[in-house]
Amino acid sequence: MTQTAAPTGVPVAPNEQGKAPNFLARLTGIQSFQILLVLIVIFLIFTLLAPTIFPNWTNIRQIVQNVSILAVLGIGMTFVIITSGIDLSIGSVLVFSGVVSAKVMQAIGGSGWGTALVGLVVAIVVGLLWGLLNGFLIAKAKVPPLIVTLGTLGAALGLAQVITNGVDIREVPTVLTDTIGYGNVVGTTIPLISLLALVIVVIFGIILHKTKFGLYTFAVGSNEEAARRVGVKVDRQLISIYALSGALAGLAGLLSLSQYGTTAIAGQSQTNLNVIAAVVIGGTSIFGGLGTMFGTMVGLFIPAVLQNGFVIIGVQPFWQQVAVGAVLVAAVFIDQRRRAAAARGSGSKSKVSLSSLWTRKK
Amino acid sequence: MTSTIPILEARGLTRSFGAVRALDHVDFDINAGEVVALIGDNGAGKSTLVKALSGNLALDSGEIRYAGGVVDLNSTTAASKLGIETVFQDLALAPHLNPAQNMFLGREIPAPGVLGKLGFLDTKAMRLRSKAAFDDLGATVRSMTDPVGGMSGGQRQAIAIARAVAWAKGVIFLDEPTAALGVVQTKNVLETIRRVRDKGVGVVFISHNMPNVIEVADRVQVLRLGRRIATFEAKKTNMEELVAAMTGALDGAGA
């Protein structure tokens, strides 16, 4: 009958169980770390094959810059997939937000920071609204995420074309293209857009892994019914997460405008699938409850490095798609084995490592 | 028994699922600091009654009183606020979260100061208090950092029970708490039930294990076909009588 809502009993000595006996063994059991090893191997292979061109900074800078916008999208997708959902609409929301933002900036005129800032806010708000629509339909109307976001994928792209009559807008404030688009961090050769993306990734990585919002994201994906029973506001959590994904797609719309100087309406048809592939390659389970922001970032670099490397060593870049497809299936295969092992109830001892894929008998 | 106000009391609860009347004007009562065993054959309405009394089921009619006052248990949150906790047969744990995270899910301890306002959590405090709660229960939880999905059925059950015990201030429902447990763990759970009772909490214990029921319960209430058909003092009854009541051989008898 104690009033404090605390477990009873006196506090015991700090437990030592939190520390794993073998840090390295634990590390290699984490899928995002395994996939990092794959990335490093790919990197080393290209370095050996093209030692003068591939590993130099100009080239790496190019890869990093190419990944930046996808990284912003990957944040939202990581949250969404951890809840065992999916968001197919991000590419279309990116385009729609870019179009509306470009229209507004066009109407205001000028190419200074004032206009650009309005454009930024407009892009994020428009993306947020699409995300809220997704979230509401998924959490309240109980329509499956795949269908809801397939619907908004079509709707957002169609409306973007209605607004523009299908003709890309090519007027973007020069401050945006000069700074975010192609500019570097002052005094360095690091792309500004990449630094921006990194900051956002780190912030949301901390939110995902250290805060209550992040914990509830995992809880909803792990056992929605259990989360509901202990009082987690599951619907609100889902709506927030899809809204986040939408808002980040809106931001990515402005980044895309800055980088390419055009709304590129037709240029995002594969974006959603590329981002989903990256998230899954990075070890986030499509069945929910499991995933890391770090893994998603590693997962984004694998296709990017493959594409870049194939071009450099003279392999047809189409092979990139083949390779990414194979990595994707392998990643999900590992995830399945890991889940099966966990379901057998043997815990950490049965973690599937890459090495166990080569040895058939354990 | 009649002089005290029951901590939780149900009168005439009715709930139908289509043509099936799962609860048929069922009554139930439990006092603070008492262990009441709820028994009945499969389909007697035990789980439905527990759901209704823990805020997991809407009722067609009937009245629930908590410490004498009529309450509306329309959600688990409402039940939790009153201090009613439930351990369901499916345990309601999030398999990917660790024991401490499950223990405090929905009731996290925020980090001190401004970090807590930003949504950061005091993971260490939650881990220590969870550990203390598990030790209190005599439960061996192997790791505080591994996901519970990889743990044995007994460990998961211990975590779910420890969670309910830690938060229950009024009544705790245990739906088949010993079904997946070994001999030693079962003993621990029965011991826990007594200890929780001694703190003044009402414990509702649902079980098919009659020796356990007779061992730990103060009173035994028997459900059949959605009604309470008998109440026994555990000290004055025996297994034959209970089984007879459950199967209907004693219809109309008892309190």
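The following exercises, with worked solutions, concern a predicted model.

**Exercise 1.** State the mean pLDDT of chain B, and identify the helices of chain B in which confidence is lowest and highest.

*Solution.* Begin with the chain as a whole: chain B has a mean pLDDT of 87, with 96% of its residues at 70 or more. Then turn to its elements: the lowest confidence belongs to helix 9 (residues 239-247) of chain B, with a mean of 85, and the highest to helix 3 (residues 99-103) of chain B, at 95.

**Exercise 2.** Determine whether the length of helix 7 (residues 183-198) of chain B agrees or disagrees with the expected span, and describe how its buried residues are arranged.

*Solution.* Step one concerns length. With 16 residues at 1.5 Å a residue, helix 7 of chain B should span 22 Å; the end C-alpha atoms are 23 Å apart, which agrees.

Step two lists the residues under 20% relative accessible area. In helix 7 of chain B these buried residues are Thr186(B), Val189(B), Leu190(B), Thr192(B), Ile193(B), Val196(B) and Arg197(B). Viewed down the axis of helix 7 of chain B, they fall within an arc of 155°, so they line one face of the helix.

Step three considers the other side of helix 7 of chain B, where Val183(B), Val184(B), Lys187(B) and Asp198(B) are exposed.

Step four identifies the cover: elements over the buried residues of helix 7 of chain B include strand 3 (35-40), helix 5 (123-137) and helix 8 (210-216) of chain B.

**Exercise 3.** Describe the conformation of residues 33-51 of chain A, to which UniProt gives the annotation "transmembrane region".

*Solution.* The annotation comes from an unreviewed UniProt entry. In the model, residues 33-51 of chain A are 89% helix and 0% strand, and their end C-alpha atoms are 25 Å apart.

Key
Residues numbered from 1 in each chain as written. Chains lettered and ligands numbered in written order. Predicted model: local features only at pLDDT ≥ 70, side-chain atom pairs only at ≥ 80, totals over all residues. Heavy atoms only, no water. pLDDT = per-residue confidence, 0-100. Helix = DSSP H or I, 4+ residues; strand = E, 2+ residues; numbered from the N terminus. UniProt positions renumbered as here; feature names shortened; annotations may be inferred. Expected span 1.5 Å × (residues − 1). Buried < 20%, exposed > 50% of the residue type's maximum accessible area, 1.4 Å probe, protein only. Arc of directions from axis to C-beta. Contact = heavy atoms within 4.5 Å.
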